[in-house]
Amino acid sequence: MGCWLVIGGFMAGVMVAPTWGSGVHHRPVGQGRYTWGPFALYDATLAAPGGVFSADRDFTLTLTYLRGLSGQRIAAASADEMRRLECAVPQGQISAWEKDLTGIYPPVLEKGDILTGVMLPDGKTRFLHNGTVVGEMADPHFGACFFDIWLSENTRDPALRRALLGYKN
């Protein structure tokens, strides 16, 4: 079962996928697990309209945490990865985004918590925690840099990227 199912609703016994503002139902493209050494940190699901991913369309990335983590640490790790990927933004921008993310993410994510990033059709990025909107980043450059953490060819975990994009190998 894809993580998007957790935040979708039930209607007459049929699962309804969220549309996230595009008017088209998002369906899973792929999913995988992120591990760091011997620790499984989260399960990830990429979903897009009709289950077909395109970086120039809206999509969602849902992370279901398998252990408790600090929101501040997650924000710092996100910023570190954007720097490692050499996101093309003015100096200091990633630090400003890190501060914004620290304010958006809950102080602590518990085992089983779900954090969803939504790339909206207008280029904004919306965040949900357990299905509730907790913040939004208006800068369209943020979304590209942020989602590259998982979707860039230079991601730290190429196997997770392939799984998210629905590649079999």
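Glu86 sits out in the open in this predicted model, with a relative accessible area of 68%, which makes it exposed because the cut-off for that label is over 50%. Its place is in the loop between H2 and H3, just after the end of H2. The backbone is worth a look here too: phi of Glu86 is near 55 degrees, a positive value in a residue other than glycine.

A second residue of this kind turns up further along the chain. Asn130 has a phi near 50 degrees, again positive and again not in a glycine, and it belongs to the loop between S9 and S10. Asn130 is partly exposed, with a relative accessible area of 37%. Its side chain makes a polar contact of 3.4 Å with the side chain of His129. That histidine lies in strand S9, which covers residues 125-129. With 17% relative accessibility, His129 counts as buried because the limit is under 20%. Leaving out residues up to four places away in sequence, His129 touches Pro106, Leu109, Asp113, Ile114, Leu115 and Val134.

Back to the helix that comes before Glu86. The 14 residues of H2 should span 20 Å at 1.5 Å a residue, and the end C-alpha atoms are indeed 20 Å apart. At the N-terminal end, Ser70 acts as the cap, with a side-chain oxygen 3.2 Å from the backbone nitrogen of Gln72. Quite a list of H2 residues is buried: Gly71, Ile74, Ala75, Ala76, Ser78, Ala79, Glu81 and Met82. The cover over them includes S5, strand S6 (69-70), H3, strand S7 (108-109) and H4.

On the other side of the Glu86 loop comes H3. Its 12 residues should span 16 Å at 1.5 Å a residue, and that agrees with the 16 Å between its end C-alpha atoms. The buried residues in H3 are Ile94, Trp97, Leu101 and Ile104. Viewed down the axis of H3, these fall within an arc of 70 degrees, so they line one face of the helix. An α-helix has 3.6 residues a turn, so residues three or four places apart point the same way. Turned away from the buried side of H3 is a face that carries the exposed residues Lys99 and Gly103. Cover for the buried residues of H3 includes H2, S9, strand S10 (132-137) and H4.

Both helices also feed the interior. The largest nonpolar core has 37 residues, and those with the most contacts inside it are Met82, Trp97, Tyr105, Phe146 and Trp150. At least two core residues come from each of strand S3 (26-36), strand S4 (39-49), strand S5 (59-65), helix H2 (71-84), helix H3 (93-104), strand S8 (114-119), helix H4 (140-151) and helix H5 (158-164). H4 gives the most, with seven residues. As for Tyr105, its contacts beyond four places in sequence are Gly71, Ile74, Ala75, Ser78, Leu115, Phe127 and Phe146.

Zooming out, the protein has five helices and 10 strands. Of its 169 residues, 46% count as buried. Among contacts with a separation of 6 or more, residues 24 or more positions apart account for 51%. The protein exposes about 8700 Å², with carbon and sulfur atoms supplying 54% of that area.

Terms used
Residues are numbered from 1 along each chain as its sequence is written. This is a predicted model: local features need pLDDT of at least 70, side-chain atom pairs count only at pLDDT 80 or more; totals for chains, interfaces and linings use all residues. Side-chain values use heavy atoms; hydrogens and water are left out. A nonpolar core is a set of buried Ala, Val, Leu, Ile, Met, Phe, Trp, Tyr and Cys residues joined through side-chain atoms within 4.5 Å. Buried means under 20% relative accessible area, exposed over 50%, partly exposed in between (1.4 Å probe, protein chains only). Helices (H or I, at least four residues) and strands (E, at least two) are DSSP runs, numbered from the N terminus. Contact means heavy atoms within 4.5 Å. A polar contact is a pair of N or O atoms within 3.5 Å; within protein, one must be able to donate a hydrogen and the other to accept it, and residues adjacent in sequence count only if both atoms are side-chain atoms. Accessible areas come from the Shrake-Rupley method with a 1.4 Å probe; for residues, only the protein chains shown count as cover. The expected span of a helix is 1.5 Å times one less than its number of residues. The arc is that of the directions from the helix axis to the C-beta atoms.
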